[in-house]
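Student: I am new to this structure and would like a close look at one part of it. Please take the strands and how they are arranged, then whatever packs beside them.

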Amino acid sequence: MGAVITTPPVLSVRSRSKQARASLEAAAGALRRQDPAGARADLDAADAQLRASRRLLRSPILLPARVVPVVSRQLKALDGLTLAGRLSVQAAEAAAVAVEARPAGGWRVSGGGIDLGATGRAAQALKQAVAPARRAEVALRRTPSTWLAPPLAEARADALRRVRSSRVQAERGSAGLDLLGTLLGRDGRRRYVVAFSNLAELRGTGGLLGYFAVLETSGGKLGLLAGSGRPDRELPTPRAAGVRVPDWYRDSYEPYAATAIWQNVNLTSDFPTVARIVSQGVQGPFGQVDGIIQIDPVGLQPLLRLAGPLTVPPWPVPISADTVSNIAHHEAYVRFESDNDQRIAFLGSLVENVFGRALRSGTGEINAGVIEGFSRAVSGGHIQMHAQRPQEQRQLERLGLAGGVARASGATDVLGLVSDNAVGNKIDWFLRRDVRYEATLDPQSGTAKTRLDATLTNEAPSSGLPDYVIGSPLPEIAKGVSRQILVLLRSEQAAPPRIRLAGRRYIPRAGREARLRNFHVRRLDIAPKGRVRLLATSEVPRAVRGSGRHRVYRLHVLRQPVAHPDTYHVRVRGPRGWRVTGESSFDGPLESDLVMDVRMVQTRRAWLVDRLILEPASWLRDTTAGLLD
């Protein structure tokens, strides 16, 4: 095998493949820089190397090697890699056409609008990139994956990740641009409610909905309508508006006045439910709307990177993408401590100025950095959107914008840790959460035994800040104490958790969260500069699925949009005799949903022990017990 792998043709293929990969990476960089001509030059160089590689792999000199079983697998893998490379070149060439579709001045809001003709051409070009990207992925999946030399196995795995990522980007890019044209009024006028949430006072979908505006689009033009303001001042109460809510929502959140006041309408983590309620509430003042957009100060950051720093009187210095979160979540409440109306007016003016600046002509170009910023904001739940039309809503779900808990429907185990502010202050700016989650899998029973260990730290002081930030309307709560309603989201089949809170047993209130179960820990008080530890153990039946020597487990951790990302430590373990592969651990900030696909393969030795010893012994024990009975 080694002699064949190091023959001149194969060595030449390896060298050419490295050059082709370098050229493909250079082409990707050129596309990110909006340089289609440079990308095409690199793509031509890559394709030339890949064509030459395929000719060498099919040359007569390698014919004897193709009949040697192990060696032939190496050659097939190399051939599959070169084929996938050529298909990737085709996909990238279509992406270059999409880049060329941009207007002469670049992608930007110009004259209060966006060129829908250009977005349509770019969407069509990206759609043409999807087919070759899919074929490249299929070609790689069909290549041998076992008995490969380690460098070749690594190259195959890396190529599979890259082509899968390219395919997803092309699909989402095409669908996103097509949907953008629809939302921007390509087929007629559209109207959306933009609800701004404040993460200093947490709710399930993010933060308190403290301000709203109405955005109207038509033919690519965008504009804010008159009538913006605070929901509790400008809209009838949810009850007065006669909003209809699902039974599960009423059962879980009516005890917290979620059906009575707008401040609590988004205590649930299911944004589509919140959006449907808000859309009913605005019908009276504004008529039928086409959708709801929720955005928080972190979501404003990419808009400010696009528009640049702006001056919002009476704030003394320009507000930038780097400062907007701190100002809107905390500093405004300190500076305007004694003037509630001035603070409300300032925050409303900040929101309107950010949108107004972004919608005006002459703003910055929507480049790769800006798009990446929007992508991070969407992944973190800082921008969420709901469309009234079912087909458009399904597109939002595919793009990760919908914010519904149904996004975890493909998982066998679901975890969500949600904090809801219980007193109406702005103390959640000081909240930090460190979460450890362990799942021990039993492939025989299909059960996952889980252990959640969450530490909530309150970094707020006990004095020195306004009551509106660290105080409470309830006299029994001292300044600086953070009172939370903690909601644990679990899959439908999960058993009720056994909870210990600050060392004592706690029985949670159980309910539903759309397709999930929820368990409420009410009145969790965290002292200033203090912390509280919550432990929860549970079993999840049918979390491990499969048969024979192979099992699968999928964990979906639902992120809650917060001002400071939670830190998560996740471990998935299997029993002795089973090899765990895939993503079985995670450590770091939870800046988006975490999805872990774990595969388990029983070792041959353990399989033989099961078949030859354990199963016969079990049969004998059961048979003997039956005879004795």
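**Strands and their neighbours**

Tutor: In this predicted model, Leu501 stands opposite Arg504 in strand 11. That pair belongs to the antiparallel pairing of strand 10 (residues 498-501) with strand 11, which extends over three bridges.

Strands 10 and 11 are part of an open sheet of seven strands, in the order 11-10-14-8-7-17-19, with mixed pairing. Its edges are strand 11 (504-506) and strand 19 (585-589), each of which pairs on one side only. On average, and ignoring direction, neighbouring strands in this sheet are turned by 15 degrees against each other.

There is also an open sheet of five strands, ordered 3-2-1-4-5, and its pairing is mixed as well. Here the edge positions belong to strand 3 and strand 5 (383-387), each paired on one side only. Neighbouring strands of the five-stranded sheet are turned by 25 degrees against each other on average, with direction ignored.

Within the five-stranded sheet, begin with strand 1 (residues 190-203), which runs antiparallel to strand 2 and is joined to strand 2 by eleven bridges. One residue of this pairing is Arg190, whose bridge partner in strand 2 is Thr217. Strand 2 (residues 206-218) also runs antiparallel to strand 3 (residues 221-229), and six bridges join these two. Leu215 has Leu224 of strand 3 as its bridge partner. Strand 2 and strand 3 form a hairpin with two residues between the strands, and in this hairpin Gly219 takes a positive phi near 60 degrees.

Two helices lie across strands of this sheet. Helix 9 (residues 271-281) lies across strand 1, strand 2, strand 4 (291-295) and strand 5, and runs at about 60 degrees to strand 5. Helix 13 (residues 340-359) lies across strand 1, strand 2 and strand 3, and its angle to strand 3 is about 170 degrees.

A pair of helices can be described too. The axes of helix 11 (residues 297-307) and helix 12 (residues 324-335) come within 8 Å and cross at roughly 150 degrees. Helix 11 is therefore roughly antiparallel to helix 12, and the crossing is right-handed. On the helix 11 side, the contact is made by Pro297, Val298, Leu300, Gln301 and Leu304; helix 12 contributes Val324, Ser325, Ala328 and His329. Of the residues in this contact between helix 11 and helix 12, six are nonpolar, three are polar and none is charged.

Technical notes: Residues numbered from 1 in each chain as written. Predicted model: local features only at pLDDT ≥ 70, side-chain atom pairs only at ≥ 80, totals over all residues. Heavy atoms only, no water. Pairing = 2+ DSSP bridges. Helix = DSSP H or I, 4+ residues; strand = E, 2+ residues; numbered from the N terminus. Axes fitted to C-alpha atoms, helices over the stretch in contact; angles between N-to-C directions. Parallel < 35°, antiparallel > 145°, perpendicular 65-115°, else oblique. Left-handed = near helix turned anticlockwise from the far one by under 90°. Contact = heavy atoms within 4.5 Å. Nonpolar A, V, L, I, M, F, W, Y, C, P; charged D, E, K, R; others polar.
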